[in-house]
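These are my notebook entries on a single chain. I set down what I looked up, element by element.

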Amino acid sequence: MTQDPQSTKSRQHAATQDPKPAKSLRNTAAMVGRAVPILDQAVSAGLMHVTLQDRANKRVRLDDGRVVTEFINCSYLGLDLHPAVLAGAKQVLDDWGIHLCCARSRFSIGPNALLEDGLSALFRGRAITFPSVTSTHMSVLPLLASGVLLDDRHPRPMRVIFDRFAHASMQYLKPILAEEAQVCTIPHNDLDALRSQVQEAHACGQRAVYLADGVYSMGGMCPVTDLIAMAQELDFALYIDDAHGTSIFGEQGEGYVLSQIQGPLPEQVFVCFSLAKGFGCNGGGIVLPNTRTERLIRQFGQTYNFSAPLDFSLIGGALAALELHRNGEVRRLQTQLDRQIALFVYGEAQQPTPPLVSATSSHLILPNTRNHDVMVPFLTWNEHDRPIDGRLGPIRMVFVGEEARGIDWGQKLIERGYFVSAAFFPVVPRGRSQLRIAITAGHDRQQILGLRDALRDIAEASGVLSVA
Ligand SMILES: Cc1ncc(COP(=O)(O)O)c(C=O)c1O
């Protein structure tokens, strides 16, 4: 567990003693220095910063003219191309124009209020939309860290506990939050470490909040039912970014976190949703447990007051997408998505046991590799990526290891007609590059089996996988 050293008072004191305070929560220059060489190589290799020339569902034309099947776009249900969503976007554009250039603290438009009412019903709490999930965090997290979201009359000092893999858009705010609260980081999904941190916080008179993702952007999920039980037992708050779980989990697409909760959102639970991934539009927002916290965010949320609202076309698109959540279309597409994920994970056999490696020994670890990190679990899951209610997440990771191999495999996949995200430091630790594969309902059988075969061939040819 890492104790992020900058709590409010000690940091202020240190800052007065030392005009150049230690950069313990953020060190952009060091990060850039380490990341530049590899990112430059990835760009030169055509794996990053690619401008597409055209698109036909999952088939895209790259800037060098090659046509590939992409596994990048996280519109898991294909709603971004749904005719009803496109028509909804055009309708609000026609009625309202593109944008009113003013803060929402002055004017909101009727369709935005309608969207928030509909999302509140879907998410069983009070929903506020923002132009992105990042701007949602910017508005909500400082208020949470200040203590006022939990009790605005008698706010107590807070301890903000980050999961090590909580999304970068939350980690980015650590220095800001450290001005308001004690900030610390615990290992991924480590409930024992969480328990100790919360108990320590309470012993110091602090209230605690745990920050995690619902479905992690690099694969796996948080143990949400255990977290909620522990939060009730120990009396602490949860702030869960469920961007990747939105729409693809839950009977009506209410998301992974809400699909595991009966009834209204519990007090002290805050859930972020995205409108950009399974929802098929753009933007995001927060579901709150009560109108008191809603009022505070609408009055004091930084980006609510000093940044743009959702684009009007997105409001129209999201209203139409919301209807698809209500009328059963999203449920139907979820089933199609599940079929495609299962096809990728299990192959044609569609058996509950991956054919190449077992669920318990999910990683094929090679000898003589640095950090034992060349693993090929692409057909299986790891301990944090087990099926929930029999369903697997759509983000499948291939642990490749050395950056040079990540680039090599990414390029070889393009030659075979597939484009996947190659992830490098700072997104993943140095020397532990990964391929990230976003499976969607819009992929067809041939595309999924083709990628699977290509990955296996490339892994075999590189000598990191031997198939019995
Ligand atoms: C888990 C998670 N949270 C937040 C974000 C940022 O979302 P946005 O682009 O809406 O700011 C992402 C981006 O993909 C994400 O994966």
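**Entry 1: the chain as a whole.** I began with the contacts in this predicted model. Among contacts in the chain with a separation of 6 or more, 72% join residues 24 or more positions apart. I then took the secondary structure, which comes to 16 helices and 14 strands. Of the 468 residues in the chain, 47% are buried.

**Entry 2: the nonpolar core.** I looked up the largest nonpolar core and found 126 residues in it. The members that touch the most other members are Val160, Ile161, Val209, Leu211, Val271 and Ala318. Helix α13, residues 312-326, gives the most to this core, with 9 residues. I also checked the domains: the core draws at least three residues from domain 1 (45-74 + 330-461) and at least three from domain 2 (83-326).

I followed one of these members, Ile161, through its contacts. Leaving out residues up to four places away in sequence, Ile161 touches Cys184, Ile186, Leu194, Gln197, Ala208, Val209, Tyr210 and Leu211.

**Entry 3: strands β7 and β8.** Tyr210 led me to the pairing of strand β7 (residues 207-213) with β8, which is parallel and runs over 5 bridges. Tyr210 has Leu238 as its bridge partner in β8. How many residues of strand β8 (residues 237-241) are buried? I found 5 of its 5 residues buried. I noted the general rule that side chains in a regular strand alternate between the two faces of the sheet. In β8, Ala237, Tyr239 and Asp241 point one way, while Leu238 and Ile240 point the other way, and all are buried.

**Entry 4: Gly88 and its partners.** I placed Gly88 in helix α3, residues 83-96. Is Gly88 buried or exposed? I counted 25 C-beta neighbours inside 10 Å, and the threshold for a buried residue is 20 or more, so Gly88 counts as buried.

I then looked for contacts of Gly88 beyond four places in sequence and found Gly316, Gly317, Leu319 and Ala320. For Leu319 I recorded the spacing as well: Gly88 and Leu319 are 231 residues apart in sequence, yet 6.9 Å apart in space, C-alpha to C-alpha.

**Entry 5: the sheet with β1.** I traced an open sheet of 4 strands in the order β1-β2-β3-β12, with mixed pairing. Why is one side of β1 and of β12 left without a neighbour in the sheet? β1 (54-56) and β12 (418-419) stand at the edges and each has a single partner strand, so one side of each has no neighbour there. β1 and strand β2 (residues 59-61) run antiparallel and are joined by 3 bridges. Within this pair, Ala56 has Arg59 as its bridge partner.

**Entry 6: strand β14 and the loop before it.** I found strand β14 (residues 433-438) mostly covered, with 5 of its 6 residues buried. I looked up two antiparallel pairings of β14. With strand β11 (residues 395-401), β14 shares 6 bridges, and Gly401 is partnered by Ser433. With strand β13 (residues 421-423), β14 shares 3 bridges, and Ser421 is partnered by Arg436.

In the loop between β13 and β14 I located Pro426. The peptide bond from Phe425 to Pro426 is cis, with omega near 10°.

**Entry 7: positive phi values.** I checked two residues other than glycine for phi. His49 has a positive phi, near 55°, and is found in the loop between α2 (28-44) and β1. His49 has 10 C-beta neighbours inside 10 Å and therefore counts as exposed.

Phi of Arg124 is also positive, near 55°. Arg124 is found in the loop between α4 (110-123) and β4 (126-130). I counted 17 C-beta neighbours inside 10 Å for Arg124, so this residue counts as partly exposed.

**Entry 8: the ligand shell.** Which residues are closest to the ligand? I found 13 residues surrounding the ligand, and the closest are Ser132, Val133, Thr134, His167 and Ser217. By class, the shell divides into 3 nonpolar, 8 polar and 2 charged residues.

Methods: Residues numbered from 1 in each chain as written. Predicted model: local features only at pLDDT ≥ 70, side-chain atom pairs only at ≥ 80, totals over all residues. Core = buried A, V, L, I, M, F, W, Y, C linked by C-beta atoms within 7 Å. Buried ≥ 20, exposed ≤ 12 C-beta atoms within 10 Å, placed from the backbone. Domains from an automatic or database assignment. Contact = placed C-beta atoms within 7 Å. Pairing = 2+ DSSP bridges. Near = placed C-beta within 6 Å. Nonpolar A, V, L, I, M, F, W, Y, C, P; charged D, E, K, R; others polar.
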